[in-house]
Amino acid sequence: MDALAALRLQIAWGADEALEEAPLDRLAAGARPRPAQATAAATAARPALPAPRPAAAPAIRAAGPPAHATPAHATPAHATPAHATPVHATPVHAAALRAQAAADAAHTLAELRAALAAFDGCPLAATATNLVFADGNPEAGLMLVGEGPGAEEDRAGRPFVGPSGQFLDRMLASIGLDRTQLLITNLIPWRPPGNRNPTDTEVLTCLPFLLRHIALVRPRRLVLLGALATRALTGGVTGITRMRGRWVEVTIPGLAAPVPALPMLHPAYLLRSPGAKRLAWADLVALRRTLDADVK
Ligand code: URA
């Protein structure tokens, strides 16, 4: 871990004054017990999630079955609780079916990008300045998924370049990561006007492209930044504050095994909620430990 970057992050977060003679590990003092490295077993052992509220499952009905029923999707390698249906397992509407066909036809990242650029099924493409596809290293084995581009990302055509992106870069630097060691993308590749949250329909329409993106990259680990990305990929209905910091497994159509994913608080939320930075720090440390364990 880059100790200097970690110190810089603490200073950026406002922890710029020593109050005690000796350091105090507040994470150890206040933290609830959690496994050093959550695994598939931990996922299975999670307490049952409550039944979804209507808002949790987009109310869109399909004309037919999803075209994406690959064996991995049809027969998940892990037991996803029936009530925690990933968004991509729910019925889809016509634009999502078209998106799925376009995404399935892409066999490289360049083809996927071109397919997204040509896709006219999501109205957000018409109001956005640029398509925001991805940034970083697709070979790195670690893939981060955010929510959607903001104004700066829309202008630059790159994800996470605005204030929350710069903040994310500092968070990652604190555990020795930069964009050469990960790939970063978003649930939604076009900026929703006024930075509003994307609607369920927009999420469902864009999701086949994200799933294909993940399938083509084949990351060893995923990090899900924020509630929307977490809900879309895991189907979790308990909220990000309860899901964060625990590895869950995400079934990706076309991949033989589920991908371990770590939900984390979104950097934009952390900028607004300084009190939550302690939790974010715990999650960063957990991520670093898991990545280190992976290479041992
Ligand atoms: N927030 C996101 O979720 N993604 C971006 O690209 C920028 C801000």
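## The pocket

The ligand fills the space of the second largest pocket. A pocket here is an open set of points on a 1 Å grid over the protein atoms alone, with protein on both sides within 12 Å along at least five of seven lines, and a molecule sits in one if more than half of its atoms lie within 2 Å of its grid points. Keep in mind that this is a predicted model, where local features need pLDDT of at least 70 and side-chain atom pairs count only at pLDDT 80 or more. Residues are numbered from 1 along each chain as its sequence is written.

## Around the ligand

Who surrounds the ligand (a heavy atom within 4 Å)? Gly 146, Glu 147, Gly 148, Pro 149, Glu 153, Pro 159, Phe 160, Ser 164, Asn 186 and His 266 do.

The backbone gets involved too: a backbone N or O of Glu 147 is 2.7 Å from a ligand oxygen, and one of Gly 148 is 3.0 Å from a ligand nitrogen. A polar backbone atom of Phe 160 sits 2.9 Å from an oxygen of the ligand. On its own the ligand exposes 240 Å², and the protein buries 93% of that (Shrake-Rupley method, 1.4 Å probe).

## Two positive phi angles

Asn 195, in the loop between strand S3 (183-186) and helix H10 (200-217), has a positive phi near 60° without being a glycine. Arg 218 has phi near 50°, again positive in a non-glycine residue, and lies in the loop between H10 and strand S4 (221-225). Helices (H or I, at least four residues) and strands (E, at least two) are DSSP runs numbered from the N terminus.

Methods:
Heavy atoms only, no water. Near = heavy atom within 4 Å. Polar contact = N/O pair within 3.5 Å; in protein donor to acceptor, adjacent residues only side chain to side chain. 1 Å grid on protein atoms, 1.4 Å probe; cavity = no way out; pocket = protein on both sides within 12 Å on 5 of 7 lines; lining within 4 Å.
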